[in-house]
Amino acid sequence: MKPSDVLAILGREVAPVALSDELCAKYGAYDNSGIILDCGSDVTGALFCLDLTAGAVREAESRGYNLIVTHHPAIYSPVKSLGVQPHSPTAPLLSCAMKGISVISMHLNFDSALKGIDYYLMRGLGGEREECFLNPLSSGGYGRVYAVPAQSFADFSSNASREFESDKIRFYDANGEVKKIASFCGAGCDEEAIEFALSHGADTFVSADMKHHHVAALVGAGLNVAEMTHYCSEVYGFARIYASLNGLSGIPSAFYKEKILL
């Protein structure tokens, strides 16, 4: 089995790269999903992780695995040079190339799949089915609004911290109760997302990497806000995608968490 065979399994079982292409074409997004590095060898095992880091490379090597599957693209913006210095963002990828470890990244297609990372963010927050998407696609979509059981914002905050295993979520209480949530995995907060939440009657807004003026605008409009770390908002769903795939390919696999980023 080659990396291309694993890519086909990921596309069939979760979402093909074509879903990312559709999102980019329809809504002006940018992505770089698919095979990032192909060392040409048969796959001995696959390590799944949100980001390609030095720790992930060490973990794959220690297990004898020669494939890493990430969520965030190992190459996102154009690369002009490669360096092995610890601070270089290309160091893990260059290390993979030197060690014969191939890399696949499944980004926006995994975000927006029917049971993708954005879907699992909703489920973790207590929602069961979205009323609508911010960016609907032919299958699935990104950004959603949905009802949840009525609860105080204090209870919501406690439940979210426990479910996502994080003490780094920042909560802003604007109205004291939670009945309808608008959520967006990763850095999904902008003016369009805020308007989407307001126009669909959300009382609580959840995303990551939020700018101060966006938080102020939301609280000023009477919406509660839960600002997660980018990692926290996405590793929850990516881990569940991994669990659904584990064993399907017939090759050994493992999930690697960078706990420090939670």
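# Exercises on a predicted model

Met-1 sits in the segment that comes before helix H1 (3–13). The structure is a predicted model. Work through each task, then check the solution.

## Exercise 1: The start of the chain

Task: Decide whether Met-1 is buried, partly exposed or exposed. Then find what Met-1 is in contact with.

Solution.
- Step 1. Take the relative accessible area of Met-1, which is 35%.
- Step 2. Compare it with the cut-offs: buried is under 20% and exposed is over 50%. The value lies in between, so Met-1 is partly exposed.
- Step 3. Set aside the neighbours within four places in sequence. Met-1 is then in contact with Val-6, Ile-9, Ser-41, Asp-42, Val-43, Ser-249 and Ile-251.
- Step 4. Add a distance. Ala-18 is 17 residues from Met-1 in sequence, and their C-alpha atoms are 22 Å apart in space.

## Exercise 2: Helix H4 and its cover

Task: Which residues of helix H4 (residues 91–99) are buried, and what covers them?

Solution.
- Step 1. List the buried residues: Ala-91, Pro-92, Leu-93, Leu-94 and Cys-96.
- Step 2. Look at what lies over them. The cover includes strand E1 (34–37), helix H3 (54–63), strand E3 (67–70) and strand E4 (102–105).
- Step 3. Go past the end of the helix. Gly-100 follows H4, and its phi is positive, near 75 degrees.

## Exercise 3: Two helices that pack

Task: How are helix H6 (residues 117–124) and helix H10 (residues 230–245) set against each other: roughly parallel, antiparallel or perpendicular?

Solution.
- Step 1. Read the geometry. The axes of H6 and H10 are 8 Å apart, and the packing angle is about 105 degrees.
- Step 2. Apply the range of 65 to 115 degrees for roughly perpendicular. The angle falls inside it, so H6 is roughly perpendicular to H10.
- Step 3. Name the contact residues. H6 brings Ile-117, Tyr-120, Leu-121 and Gly-124. H10 brings Ser-233, Glu-234, Tyr-236, Gly-237, Phe-238, Arg-240 and Ile-241.
- Step 4. Sort them by class. The contact has six nonpolar, three polar and two charged residues.

## Exercise 4: Closed spaces

Task: How many cavities of 30 Å³ or more does the structure hold, and which residues line them?

Solution.
- Step 1. Count them: there are two.
- Step 2. Start with the largest cavity, which has about 100 Å³ of space. Its lining has 13 residues, and those nearest its centre are Val-6, Leu-10, Phe-48, Leu-245 and Ser-249.
- Step 3. Trace that lining to its elements. H1, strand E2 (46–49) and H10 each give at least two residues. H1 gives the most, with three.
- Step 4. Sort the lining of the largest cavity: nine nonpolar, four polar and no charged residues.
- Step 5. Turn to the second largest cavity, with a volume of about 30 Å³. It is lined by Pro-3, Cys-39, Gly-40, Ser-41, Asp-42, Val-43, Asn-66, Gly-100 and Ser-102.
- Step 6. Sort this second lining: three nonpolar, five polar and one charged.

## Exercise 5: The largest pocket

Task: Which element gives the largest share of the lining of the largest pocket?

Solution.
- Step 1. Note the volume: the largest pocket holds about 1100 Å³ of space.
- Step 2. Find its centre. Among the 47 lining residues, His-72, Pro-73, Tyr-76, His-107 and His-230 are the closest to it.
- Step 3. List the elements with at least two lining residues each: helix H2 (17–27), H3, H4, helix H5 (108–112), strand E5 (132–136) and H10.
- Step 4. Pick out the largest share. H4 supplies it, with six residues.
- Step 5. Finish with the classes: 27 nonpolar, 13 polar and seven charged residues line the pocket.

Conventions. Residues numbered from 1 in each chain as written. Predicted model: local features only at pLDDT ≥ 70, side-chain atom pairs only at ≥ 80, totals over all residues. Heavy atoms only, no water. Helix = DSSP H or I, 4+ residues; strand = E, 2+ residues; numbered from the N terminus. Buried < 20%, exposed > 50% of the residue type's maximum accessible area, 1.4 Å probe, protein only. Contact = heavy atoms within 4.5 Å. Axes fitted to C-alpha atoms, helices over the stretch in contact; angles between N-to-C directions. Parallel < 35°, antiparallel > 145°, perpendicular 65-115°, else oblique. Nonpolar A, V, L, I, M, F, W, Y, C, P; charged D, E, K, R; others polar. 1 Å grid on protein atoms, 1.4 Å probe; cavity = no way out; pocket = protein on both sides within 12 Å on 5 of 7 lines; lining within 4 Å. Points joined across faces, edges and corners; volume = space filled by probe spheres on them.
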